[in-house]
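Got your viewer open? Load the model, switch to cartoon, and keep the selection box handy for a short walk around the chain.

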Amino acid sequence: MFRRQRVILKAAVWGVCLFPLALLLYQFWTDDLGANPIDHVTRTLGVWTLRILLASLAMTPLRLLFGVSWPITLRRLLGLFAFFYVCLHFSVWIVLDHFFDWEQLIADILERPYITVGVLALTLLVPLAATSTAGMVKRLGAATWKRLHRLVYVAAVLGVLHFLWLAKKGRSDPFIYAGVLAILLGIRLWDWARRAARKRRDGLPARMKMAPVGRSGPAGRLEQSSPIR
């Protein structure tokens, strides 16, 4: 992909990811946030956090399935937007919903499972966002950086669970997000199993690929075994 195409694609991602926030600001300006504005804003930010996070997780499966590499260039940008939205989501909950009532906030985290897993998901995303730069990859080393960033899968599972517990009865969209996440993780698991099998095949001992040295039989002739193929 040419540089100009990458710039256009990333600009499109910026536009799509900022559109929900711009819409919320417009609804605030026009007094169109509904009967419960805080709940509307909190839920909208939370839903878009999950959507963008799943989009970032879909970049590698797209490469695995279709053999195209350009989606990988969008993975970090989408991940940072997901972190941006989850910070806004929790900021609204802390500032507008509880107005810095830390005692009540801590009580909610400890007593309400859907809040517990939501806060844990946010906590896991913090080190991922902090180490998203190329400089941090060099400091940590590629192997350590990759192991650390596998926490995004745990954060995604916790985010879906948070949404499932929080959603009202009769809503099907939380299960759609759960299904999408299951498919994305399934593709990665399939690729891991495929690479592990290939590694085992390539790592067969050399003696398994060569005929063993024969030995002299009673008649003094050399007995040879057939090579394993």
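Which residue does Asp-191 form a salt bridge with, and how far apart are the closest N and O atoms? Select Asp-191 and Arg-194: they form a salt bridge, with the closest N and O atoms 2.7 Å apart. Bear in mind throughout that this is a predicted model.

Stay there and add Arg-195 to the selection. The side chain of Asp-191 meets that of Arg-195 in a salt bridge too, at 2.9 Å from N to O. Salt bridges that share partners thus join Asp-191, Arg-194 and Arg-195 into one network. Look along helix α10 and the spacing makes sense: Asp-191 and Arg-194 are three residues apart, Asp-191 and Arg-195 four, and each pair is separated by about one helical turn. An α-helix has 3.6 residues a turn, so residues three or four places apart point the same way. Now turn on the surface. Asp-191 is buried, at 8% relative accessible area, whereas Arg-194 is partly exposed at 33% and Arg-195 is partly exposed at 44%.

Next, select Arg-43 and Asp-39. Here is another salt bridge, with the closest N and O atoms 3.0 Å apart. Both residues lie in helix α2, four residues apart, again about one turn. Arg-43 is partly exposed at 22%, and so is Asp-39 at 32%. A search of the whole structure finds four salt bridges.

Now go to α9, residues 151-166. Measure end to end if you like: the end C-alpha atoms are 22 Å apart, which agrees with the span expected for 16 residues at 1.5 Å a residue. Colour its buried residues, among them Val-152, Leu-158, His-162 and Phe-163. What covers them? Show α2, α4, α6 (113-130), α8 (142-149) and α10 (173-202), which are included in that cover.

Two loop stops come next, for anyone who likes backbone torsions. Asp-31, in the loop between α1 (3-29) and α2 (37-57), has a positive phi of about 55° although it is not a glycine. Asp-31 is exposed, at 71% relative accessible area. Then jump to Phe-99, in the loop between α4 (75-97) and α5 (102-111). Phe-99 also has a positive phi, about 50°, without being a glycine, and it counts as exposed at 65%.

Finally, zoom out. The chain has eleven helices and two strands, and from the N terminus on, the helices run ahead of the strands. Of its 229 residues, 30% count as buried.

Note on methods:
Residues are numbered from 1 along each chain as its sequence is written. This is a predicted model: local features need pLDDT of at least 70, side-chain atom pairs count only at pLDDT 80 or more; totals for chains, interfaces and linings use all residues. Side-chain values use heavy atoms; hydrogens and water are left out. Buried means under 20% relative accessible area, exposed over 50%, partly exposed in between (1.4 Å probe, protein chains only). The expected span of a helix is 1.5 Å times one less than its number of residues. Contact means heavy atoms within 4.5 Å.
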